[in-house]
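Here is a friendly briefing to read with the model open beside you. Start at the ligand, then move on to the protein core.

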Amino acid sequence: MKFFIDTANLSDIKEAQNMGILDGVTTNPSLMAKEGIVGTEYILKHYQDICSIVDGDVSAEVIATDFNGMINEGTQLAALHPQIVVKLPMIEDGIKACKYFSEKGIRTNVTLVFSAGQALLAAKAGATYVSPFLGRLDDIATDGLQLIAEIRLIYNNYNFKTQILAASIRHTMHVINCAKIGADVMTGPLSSITGLLKHPLTESGLAKFMEDYKKGNQ
Ligand code: G3P
């Protein structure tokens, strides 16, 4: 399972990268705005900064919602850095743009996916990644994990190569359950990754080892 971090915060990206377990980064316009990154020039520079920190794929989202606009923006984003994956919204023009980029060998991430049918279309269009938003489904009392399982089944049935990128992950149990279902990638905040480190028995066990070592080496 690949671990992506879902943020535009450089310090969080560096911390995950330094742990040695980071496989990539996802961003979106809301995450960019949260970091105060506004204006095309600064946004493009920020993507380059992110690419210089991580080794893996970095999803950069288009703002345009029409086919030509998405093609222009996506082409510009892909040219920024070889690690960039063009992130496209799950709308009709987004699917057309996905097909266009896939035929050109430019990697894509189809985002804002909330149903198995949408995920099927993304795979048919040759998406590199599909991003079902697990947490946002849970927010409206709909089982987000069930959607990940349905997409896994459908992709397995037809051997689609599109990778399931479980997005809108909020906490460690989302990560673990996605791993059980077989999501290819998870993307979430730093806390959803660092939270996996924690267990009280690890902490108390280590404290006891250190205490006993000190006693024996006085
Ligand atoms: O990757 C999608 C993600 O950014 C959405 O997460 O927590 O805003 O639902 P969230």
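Around the ligand sit D6, N28, L31, F133, R136, A167, S168, R170 and T187, each with a heavy atom within 4 Å of the ligand. The model is a predicted one, in which local features need pLDDT of at least 70, side-chain atom pairs count only at pLDDT 80 or more, and totals for chains, interfaces and linings use all residues. Residues are numbered from 1 along each chain as its sequence is written, and side-chain values use heavy atoms, with hydrogens and water left out.

**Ligand contacts**
- The side chain of N28 places an N or O atom 2.8 Å from an oxygen atom of the ligand.
- For R136, a side-chain N or O atom is 2.7 Å from a ligand oxygen atom.
- S168 has a polar side-chain atom 2.7 Å from an oxygen atom of the ligand.

**Nonpolar cores**
- The largest nonpolar core (buried Ala, Val, Leu, Ile, Met, Phe, Trp, Tyr and Cys residues joined through side-chain atoms within 4.5 Å; buried means under 20% relative accessible area, with a 1.4 Å probe and protein chains only) has 58 residues.
- I5, I13, V25, L77, I84, L88 and C178 have the most contacts inside that core.
- A second, separate core has 7 residues, including F133 and A167.
- Beyond its neighbours within four places in sequence, C178 is in contact (heavy atoms within 4.5 Å) with residues including M1, L134 and I169.

Notes:
Buried < 20%, exposed > 50% of the residue type's maximum accessible area, 1.4 Å probe, protein only. Polar contact = N/O pair within 3.5 Å; in protein donor to acceptor, adjacent residues only side chain to side chain.
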